[in-house]
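Subject: Handover of a structure

Dear colleague,

Please find the structure below, together with its sequence. I would be grateful if you would keep both in view while reading the notes that follow.

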Amino acid sequence: MAAAASSSLPRANPAAAADGKNITPPPPPPEPEAPQSAEDLQKRQKNLKKKLKQAAELRSKVDAGLEPSAEQREKLDRATLLEAELADVDTKLAALETTS
């Protein structure tokens, strides 16, 4: 009976694969990062600093005994990534200031 069940499974059509009709195209290459203006970078910097301040305040509450919700744990987990992004934004801003 197992042979009968396996015969009902769809089989790959080698001819269709050879002509490329059933092949999924590769994803497009990532677009190069557009240059950002100093104003955009300053807005992002301000936003990141605000999020990091909120994360630090939440960390203090957790250290004092607050049991964080799942959303609050995610916010705390993202803090390291936000710090890295802030450092990147700071570097880009400094580069723009030296070229201006």
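Asp63 has a relative accessible area of 59%, over the 50% cut-off, and is therefore exposed. Please bear in mind throughout that this is a predicted model.

Asp63 is also a partner in a salt bridge with Arg59, whose closest N and O atoms are 4.0 Å apart. Both residues belong to helix α3, where they sit 4 residues apart, about one turn of the helix. Arg59 has a relative accessibility of 38%, so it counts as partly exposed.

The chain as a whole

The chain contains 4 helices and 0 strands, and its pattern along the sequence reads α-α-α-α. Of its 100 residues, 15% count as buried. The chain exposes about 8400 Å², and carbon and sulfur atoms supply 57% of that area. Taking contacts between residues at least 6 apart in sequence, 65% join residues at least 24 apart.

Helix α4 and the core

How far apart are the end C-alpha atoms of helix α4? They are 44 Å apart, which agrees with the 44 Å expected because its 30 residues (70-99) are taken at 1.5 Å a residue. The helix nevertheless has a kink of about 35°, centred on Ala79.

Ala79 is buried, as are Leu76, Leu82, Leu86, Val89 and Leu93 in α4. You may find the spacing of several of these easier to follow with a general point in mind: an α-helix has 3.6 residues a turn, so residues three or four places apart point the same way. Against which element do the buried residues of α4 pack? They pack against α3, residues 38-63.

The largest nonpolar core has 9 residues: Leu41, Leu48, Leu52, Ala55, Ala79, Leu82, Leu86, Val89 and Leu93. Helices α3 and α4 are the elements that give two or more residues to this core, and α4 gives the most, with 5 residues.

Three residues between the helices

Three residues show how the packing is made. Val89, leaving out residues up to four places away in sequence, touches Leu41, Arg44, Gln45 and Leu48.

Leu41 is part of helix α3 and counts as buried because its relative accessibility is 2%. With the same neighbours in sequence left out, Leu41 touches Gln36, Val89, Lys92, Leu93 and Leu96. Leu41 and Leu96 are 55 residues apart in sequence, while their C-alpha atoms are 9.9 Å apart in space.

Gln45 also lies in helix α3. Is Gln45 buried or exposed? Its relative accessible area is 18%, under the 20% cut-off, so Gln45 is buried. Beyond its neighbours within four places in sequence, Gln45 is in contact with Leu86, Val89, Asp90 and Leu93.

The other salt bridges

Side chains of opposite charge can pair when their charged atoms come close. The count here comes to 4 salt bridges, including the Asp63 and Arg59 pair described above.

Lys43 forms another with Glu39, the closest N and O atoms being 3.6 Å apart. These two residues are separated by about one helical turn, because they are 4 residues apart in helix α3. Lys43 is exposed, with a relative accessible area of 54%.

In helix α4, Asp88 and Lys92 are likewise 4 residues apart, about one turn of the helix. Their side chains meet in a salt bridge of 3.4 Å, N to O. Asp88, at 38% relative accessibility, counts as partly exposed, and Lys92, at 26%, also counts as partly exposed.

With kind regards

Technical notes. Residues numbered from 1 in each chain as written. Predicted model: local features only at pLDDT ≥ 70, side-chain atom pairs only at ≥ 80, totals over all residues. Heavy atoms only, no water. Expected span 1.5 Å × (residues − 1). Bend = angle between axes of the 7 residues up to and from the residue. Buried < 20%, exposed > 50% of the residue type's maximum accessible area, 1.4 Å probe, protein only. Contact = heavy atoms within 4.5 Å. Core = buried A, V, L, I, M, F, W, Y, C linked by side-chain atoms within 4.5 Å. Areas by Shrake-Rupley, 256 points an atom, 1.4 Å probe, with all protein chains shown as cover.
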